[in-house]
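Colleague: Before we discuss the terms used for this model, may I ask that it be shown?
Modeller: Certainly; here it is.

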Amino acid sequence: MQEEENVSQGDLRREVSLFGAFSIGYADVGADIYITLGLVALYAGVATPLALIIAGIVYVLVGSVYAKLSGRYPYAGGAQFYAQRALGPMHGFIAGWGLMLDYTIDIALFVLASVGYLGYLLKATLGFGLLLVNPYYAFVSALFVGFLGFLNILGIRESVSLNKLFVALDLATLFLVLGVGGSIYFFFNGFSWKPPSIGQDVPVGNFLYAVTIAMASYVGVEAISQAAEETSNASKTVPKATYLTISLTLLVALAGAFFIASSPVNNDEALHPFAGLALKVPIIGTLLALWVGLMGFLINLASANSGVIGVSRVAYSMARTGLLPEGFRRISRRGVPYISVAVFTIIAIGLIIVNVFSTSLHLLELVASLYNFGAIVAYIYASISLVKLSANRQEKLLGILATVACIFMLTLLVLLHPEGRILALLWFLVGLTLYFLKHRPVHK
């Protein structure tokens, strides 16, 4: 009875465990590498590990910021909540608006990638290639987004259960590909990687561009904080899940980087890098690649699911503090912000229909840059918020270092991604216009 009363008043239900919180974050971050690793290798070549290490430093700093803040403020909204508390409503709105860009693109991008892997798998096993041809590709992708929206409306327990299953299977797959497969590959071919000379082995411009794409390999750790109000013992569980996600993501990214840097990557391999890695493994490569195709489908679907969870909770948090219309904070009897889920599910379906004819490397690079722009803006706000809200000197130093690192990454994005910077600027200008229209003074 008390539970129903709380739900009716707008409370979220605490039904997410440690592994559940980890699976939300890892599904969001872990799927990135299925797309971005090939793009990084395409530009950085033998310097791929260095590009991922540099981006990884930023990731560790930002992840540590989130671990500190989410333990102290275990509420939905993440950077949006922290920025509003530390700096005021307008800054909270900008941080939340950036996260909504990040998560909405996450849903559309990873469902398209998921269906692409499914199409690859069906064509390789059954010779059925219809799924990779429009309008079937778009129609099936839209259906999957609708399915994720429906699953989230059922409840956080049901949607997180999907992530937990797929993340467990993905970790087993990565152990097979990178652990067993990598060991077999280097046993037959030897390990000959040496630190490259940037400017001689790899052009400086290509390397810096690869670093910005590498940052997209680590976007998503903040998804854990979005479910903080639905996590049991959140002040302890969310930081633990965050640190666990950081550790495993770095391990996977760097293992994949050294593996893929062992030989040149072509445009086709860049579109499905882990299948390409599996095919390199002697003896078991062909069968392993088919299994990777299945896991590419599942983990990308789980990442899109994390996007639905993330964007709906950001919208819920912003509506709760008056930054978005009241309807976005409405909670169903199952404890779900169902209007937020429905609205952003529909938006993601629209994005798929609009962009379905541009499924190419160019689109992946553009989407990765937009993905980065939204996330980096939120990360800067989270880092500044830690400096502002913490009285601990070490935490303040962490916040300062993370802020500087994120500003460096944002500068590279602005300089090296012309289309992304224009679209991102338009996104934030639209957001600020809406904010000032909503909060303009009323003269009687």
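Colleague: How many aromatic pairs does the structure hold?
Modeller: This is a predicted model, and it holds 19 aromatic pairs. One of them joins Phe93 and Tyr435, whose ring centres are 5.2 Å apart with 45 degrees between the planes.

Colleague: Why is the pair of Phe93 and Tyr435 called tilted?
Modeller: Centres within 6.5 Å make a pair, and planes under 30 degrees apart count as stacked while those over 60 count as edge-to-face. The Phe93–Tyr435 distance of 5.2 Å meets the first limit and the angle of 45 degrees falls between the other two, so the pair is tilted.

Colleague: What makes this a link between distant parts of the chain?
Modeller: Phe93 belongs to helix α6 (residues 89–126) and Tyr435 to helix α18 (residues 418–438), 342 residues apart. Both Phe93 and Tyr435 are buried.

Colleague: How do you know that Phe186 and Phe259 form a tilted pair?
Modeller: Their centres are separated by 5.8 Å, and the planes make an angle of 50 degrees. The distance is within 6.5 Å and the angle is neither under 30 nor over 60 degrees, so the term tilted applies. This pair, too, links distant parts of the chain, with Phe186 in helix α8 and Phe259 in helix α11 (residues 234–260), 73 residues apart.

Colleague: Why is Phe186 called partly exposed, and why is Phe259 called buried?
Modeller: Buried requires a relative accessible area under 20%, and exposed requires over 50%. Phe186 has 22%, which lies between these limits, so Phe186 is partly exposed. Phe259 has 1%, which is under 20%, and is therefore buried.

Colleague: What makes Gln84 a buried residue?
Modeller: The relative accessible area of Gln84 is 17%, under the limit of 20%, so Gln84 is buried. Gln84 is part of helix α5 (residues 79–87). Leaving aside residues up to four places away in sequence, Gln84 touches Pro89, Gly92, Thr321 and Leu323.

Colleague: Which residues form the nonpolar patch on the surface?
Modeller: The patch consists of Phe175, Leu176, Val180, Phe187, Phe188, Ile283, Ile284 and Trp291, together offering about 860 Å² of accessible area. Helix α8 (residues 156–189) gives the largest share, five residues.

Colleague: How do you know that Trp291 is exposed enough to belong to a patch, although Trp291 is called partly exposed?
Modeller: Trp291, in helix α14 (residues 285–320), has a relative accessible area of 33%. Patch residues need over 30%, so Trp291 meets that limit. Since 33% lies between 20% and 50%, Trp291 is therefore also partly exposed.

Technical notes:
Residues numbered from 1 in each chain as written. Predicted model: local features only at pLDDT ≥ 70, side-chain atom pairs only at ≥ 80, totals over all residues. Heavy atoms only, no water. Patch = residues over 30% accessible without salt bridge, like charges linked within 9 Å, V, L, I, M, F, W, Y side chains within 5 Å. Areas by Shrake-Rupley, 256 points an atom, 1.4 Å probe, with all protein chains shown as cover. Salt bridge = Lys/Arg side-chain N within 4 Å of Asp/Glu carboxyl O. Helix = DSSP H or I, 4+ residues; strand = E, 2+ residues; numbered from the N terminus. Buried < 20%, exposed > 50% of the residue type's maximum accessible area, 1.4 Å probe, protein only. Contact = heavy atoms within 4.5 Å. Phe/Tyr/Trp six-rings, centres within 6.5 Å; stacked < 30°, edge-to-face > 60°.
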